[in-house]
Amino acid sequence: MFEGPVQRLIDELSRLPGIGGKSAQRLAFHLLTGEESDARRLAGAIIDMRDQVGTCSRCFNVASGELCAICRDTRRESSVICVVERPQDIVVVEKTQEFRGRYHVLGGSLSPINGIGPGQLRFDELKARLEPEGVEELIVATNPTIEGDATAMYIAREFKPLGRRVTRLASGLPVGGDLDYADELTLGRALIGRSEL
């Protein structure tokens with residue numbers, strides 16, 4: 001529809017998650033008509049990220065060196081590991097300012113229908129961390145989905161026999177939410193995960 005380079009950029013932008021054709025078109029024309037320095041700064045940031053950011057050799061979080069900032073922090077409690085599906089999940093947990101342990105990124109969740117079994121995720125690497133780091137507890141923070149639940153059950157089955165405590169994040173009603181807006185699954189989880197007052 002548009003001149004070659006413009007259409008190519010629209011096509012590339014529309015491949016990004018959450019960006020449809022119209023949004024990609026708006027972004028492309030913003031970059032085309034805006035300040036050239038803004039477009040070059042964005043391009044430079046993308047290139048720098050791809051060149052300078054890799055994966056932490058311990059927890060598989062994003063890192064600009066061999067270890068991520070969390071694994072380098074000696075004040076973090078090494079006996080507790082929070083197991084997450086993706087690096088972005090670490091940011092969500094960190095924002096609570098309630099967790100002072102370390103993390104382990106599995107790289108997804110079990111999904112036999114999509115061909116993702118234990119061999120495609122980082123369970124072996126997690127197992128290898130137990131003894132050297134003195135891990136006593138694994139907090140499973142996978143998503144509250146069928147795949148996330150299956151992953152949590154797999155972790156419990158594999159790691160409890162190794163003498164490790166395996167816990168799962170509670171799930172249920174959001175703070176400030178009304179019962180009338182809660183679906184049955186959420187309300188059921190809230191009932192199961194209830195705590196003593």
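**Sheet, crossover and salt bridges in a predicted model**

Val84 stands opposite Val105 in S4, and this pair is a good place to enter the structure. The model is a predicted one, in which local features need pLDDT of at least 70 and side-chain atom pairs count only at pLDDT 80 or more, while totals for chains, interfaces and linings use all residues. Residues are numbered from 1 along each chain as its sequence is written, and side-chain values use heavy atoms, with hydrogens and water left out.

Strand S3 (residues 77-84) runs parallel to S4, and 5 bridges join the two. Along this pairing, Ile81 stands opposite Arg102 in S4. Strands here are DSSP runs of E with at least two residues, helices are runs of H or I with at least four, and both are numbered from the N terminus; two strands pair if DSSP finds at least two bridges between them. The chain crosses from S3 through H5 to S4 in a β-α-β crossover that is right-handed, meaning that, with the strands pointing away from the viewer, the path from the first strand over the helix to the second runs clockwise.

The wider arrangement is an open sheet of 4 strands with parallel pairing, in the order S4-S3-S5-S6. Its edges are strand S4 (101-105) and strand S6 (165-168), each of which pairs on one side only. On average, neighbouring strands of this sheet are turned by 25° against each other, direction ignored. Helix H5 (residues 87-95) packs on the sheet, where it touches S3 and S4, and its direction makes about 155° with that of S4. For such angles, axes are lines fitted to C-alpha atoms, for helices over the stretch in contact, and the values run from 0 to 180 degrees between N-to-C directions; contact means heavy atoms within 4.5 Å. Although S4 is an edge strand, 5 of its 5 residues are buried, where buried means under 20% relative accessible area, exposed over 50% and partly exposed in between (1.4 Å probe, protein chains only).

Helix H6 (residues 123-133) shows how burial can be divided around a helix. Phe123, Leu126, Arg129, Leu130 and Glu133 are its buried residues. Seen down the axis of H6, these residues fall within an arc of 120°, so they line one face of the helix; the arc is that of the directions from the helix axis to the C-beta atoms. Asp124, Ala128, Glu131 and Pro132 are exposed on the other side of H6. The cover over the buried residues includes S3, S4, strand S5 (137-140) and helix H7 (146-159). After H6 comes Gly134, with a positive phi near 65°.

Two charged residues of H6 deserve a closer look. Arg129 is buried at a relative accessible area of 5%, and Glu133 is buried at 14%. Their side chains meet in a salt bridge (2.8 Å, N to O), a term for a side-chain nitrogen of Lys or Arg within 4 Å of a carboxyl oxygen of Asp or Glu. The two residues lie 4 residues apart in H6, about one turn of the helix. An α-helix has 3.6 residues a turn, so residues three or four places apart point the same way. Salt bridges also link Arg129 and Glu133 with Arg58 and Arg102 in a network.

The structure holds 15 salt bridges, and two further examples show other settings. Asp38 and Arg41 meet through their side chains at 2.6 Å, N to O; being 3 residues apart in helix H3 (residues 36-52), they are separated by about one helical turn. Asp38 is partly exposed at 35% relative accessibility, whereas Arg41 is exposed at 54%. The salt bridge between Arg100 and Asp73 (3.8 Å, N to O) links distant parts of the chain, with Arg100 in the loop between H5 and S4, Asp73 in the loop between helix H4 (69-72) and S3, and their positions 27 residues apart. Arg100 is partly exposed at 40% relative accessibility, while Asp73 is buried at 15%.

Backbone geometry adds two loop residues to the picture. Most residues other than glycine have a negative phi. Phe60 has a positive phi near 75° and is found in the loop between strand S1 (54-55) and strand S2 (62-63). Gln97, also not a glycine, has a positive phi of about 60° and is found in the loop between H5 and S4. Phe60 is buried at 17% relative accessibility, whereas Gln97 is exposed at 71%.
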